[in-house]
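Subject: Handover of a structure and summary of findings

Dear colleague,

I am writing to hand over the structure shown below. I would ask you to look through it first and then to read the notes that follow.

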Amino acid sequence: MRTLLLLALLLTQAAPPEPAGYGYPIALPGRSPADGFVIRHGYAAENTWYNPGHWHAGEDWYALEGDTGGALVLAAAAGEVRYVGANYPGRVVIVRGDDGLYAMYGHLDPRVAVRVGQRVTRGDLLGTVLAQRNARAPSHLHFEIRTFYTARAVNGPAPRYRFRCGPRCPPGPGYWPLAAPEHPAELGWRNPSHVIARRSSPDTAVVATQPASSTLTLWDAPPIGGVRAREVMTLALRPGARFRLLEVRAGPEDERAGSAAAYVLWYRLRLPGGGEGWAQAAVPSTLETGADARPSSVRFNLLPEDAERRTLNAER
C-alpha cells in the first residue's frame, strides 16, 4: 500500500498542470499567438467581399505579410476534440471546451494533428492553415466560438437557410443573413476575441511585431461607454517590448452590435519607470469595410502573454 501511495504521489508531482484560460488560435513559429496577423473579417461584421449582406459568424485570421497557408493553428482552450472532417474547403476541427463552449477552426490542411476524442490543452497544435489559391478566399483561418455543437435553425436537421454542407453539419455556414430576425449572438455565436480576453488572466502585454500604430495613448480609464477619461501620456511602441499587465477590459461575449467597431479590448499597463495607464490593445480597422462603410477588420497593438507562454516561446 505504501508503495502504491508513493507511486501515486510521484505521478501527481510529475504531471504539470494544464494551461488555464484562453489564448489566440493562430501563430507563427517562435512568436506569440496572433503576432503577425490581422482579423480581416471580425465577428458580426458584414462578410463584405466574400458574402455581402451576411453577418460573419466568427473571425477570419490572415497573415499581415505573405501567405497564411502553413500557419500554426492552436487550441484556444482546454477541451475534447469533438469533430474532424468536412471540406470547408479544408478540414474543420471542433473542440468542446471544459467550460461548455465550442471552438471551431476552419480551413485546415488535411494533415490535422488531432483526432476525435483526443484531449487538448490551450496552445496545443491542431494543424496548419490550408494553402489556398482561391483569389476570392485566399489562405486564412476561420475561427468561431459558440454555445452549440448543432442548433436546429443553424446547422441541425432543418437549417433555416441553405448552405454548403447541408443539414446536420457541425461546421455550419460560417455566416448569417443581415436580414434574419436574430443577431448571431441570439443563436449562440460569441465574439471570439471578447471570450478570449474575458476568460484568461495574462500577466504581461507584448507589443506586436507590426503594431496598428507607432504610438499609443494611455488614459486614466478606458474611454468607452460614455466614460470621460483623461489622457495620461503618449507611449512610443517598440515591437517586442513587454509591460506588466494589471487588468483587462473587454466587451461582452454575446456582443449584439455589428461591425468591428464593436470590438472592445483595453489593457491597464504598469510602465517600467513607474506610472500606469489604459491602452487600446485591439483597434478596429478599415482594411475591410461593410456596405455601410463601418470597419470589418481588427489590428493589434498589444498581445497577451503569461509565464507559461513565455516558456513555450523560449523553447521553440
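A strand is here a DSSP run of type E with at least two residues, and strands are numbered from the N terminus. In that sense Ala293 sits in the loop between strand S21 (282-289) and strand S22 (295-300). Please bear in mind throughout that this is a predicted model.

Residues with a positive phi

Ala293 is not a glycine, yet its phi is positive, at about 70°. Is Ala293 buried or exposed? Its relative accessible area is 56%, and Ala293 therefore counts as exposed, the limit being over 50%. His107 likewise is not a glycine and has a positive phi, in this case about 75°. His107 belongs to strand S9, whereas Ala293 is a loop residue. With a relative accessible area of 8%, His107 is buried, because buried means under 20%.

The largest pocket

His107 appears again in the description of the largest pocket, which holds about 430 Å³ of space. The pocket is lined by 25 residues, and those closest to its centre are Tyr50, Tyr88, His107, Pro173 and Tyr175. By class, this lining is made up of 12 nonpolar, 10 polar and 3 charged residues. Tyr88 deserves a second look, as the peptide bond from Tyr88 to Pro89 is cis, with omega near 10°. Pro89 itself lies in the loop that runs between strand S7 (79-85) and S8.

The cavities

How many cavities of 30 Å³ or more does the structure hold? There are 4 of them, and the largest cavity contains about 60 Å³ of space. Among the residues that line this largest cavity are Tyr22, Ala76, Val95, Asp99, Tyr105 and Ile145. Strand S8 (91-97) and strand S9 (102-108) each contribute at least two lining residues. S9 gives the most, with 3 residues. The lining of the largest cavity comprises 10 nonpolar, 1 polar and 1 charged residues.

A sheet of 3 strands

An open sheet is formed by 3 strands in the order S3-S4-S13, with antiparallel pairing. Its edges are strand S3 (46-47) and strand S13 (175-177), each of which pairs on one side only. Strand S4 (residues 51-56) is joined to S13 by 3 bridges in the antiparallel sense. Which residue of S13 is the bridge partner of His56? The partner is Tyr175, a residue also listed among those closest to the centre of the largest pocket.

Asn47 lies in strand S3. Its relative accessible area of 3% is under 20%, so Asn47 is classed as buried. Leaving out residues up to four places away in sequence, Asn47 touches His41, Pro52, His54, His56 and Tyr175. The contacts of Asn47 thus include both His56 and Tyr175, the two residues that are bridge partners.

Strands S2 and S5, and Thr68

Strand S2 (residues 37-41) is mostly covered, with 4 of its 5 residues buried. S2 pairs with strand S5 (residues 59-63) over 4 bridges, again in the antiparallel sense. Within this pair, Ile39 stands opposite Trp61 of S5.

Thr68 is found in the loop between S5 and strand S6 (72-74). Although a loop residue, Thr68 counts as buried, because its relative accessibility of 3% is under 20%. Which residues is Thr68 in contact with, leaving aside its neighbours within four places in sequence? They are Ile26, Phe37, Trp61, Tyr62, Ala63, Val129, Ser139 and His140. With Ala63 there is also a polar approach: a polar atom of the Thr68 side chain lies 2.9 Å from the backbone nitrogen of Ala63. Finally, Thr68 and Pro138 are 70 residues apart along the chain, and their C-alpha atoms are separated by 8.2 Å.

Yours sincerely

Methods
Residues are numbered from 1 along each chain as its sequence is written. This is a predicted model: local features need pLDDT of at least 70, side-chain atom pairs count only at pLDDT 80 or more; totals for chains, interfaces and linings use all residues. Side-chain values use heavy atoms; hydrogens and water are left out. Two strands pair if DSSP finds at least two bridges between them. On a 1 Å grid over the protein atoms alone, a cavity is a set of points where a 1.4 Å probe fits but cannot get out, and a pocket is an open set with protein on both sides within 12 Å along at least five of seven lines; lining residues have an atom within 4 Å of a point. Grid points are joined across faces, edges and corners, and a volume is the space filled by probe spheres set on the points. Ala, Val, Leu, Ile, Met, Phe, Trp, Tyr, Cys and Pro count as nonpolar, Asp, Glu, Lys and Arg as charged, and the others, Gly among them, as polar. Buried means under 20% relative accessible area, exposed over 50%, partly exposed in between (1.4 Å probe, protein chains only). Contact means heavy atoms within 4.5 Å. A polar contact is a pair of N or O atoms within 3.5 Å; within protein, one must be able to donate a hydrogen and the other to accept it, and residues adjacent in sequence count only if both atoms are side-chain atoms.
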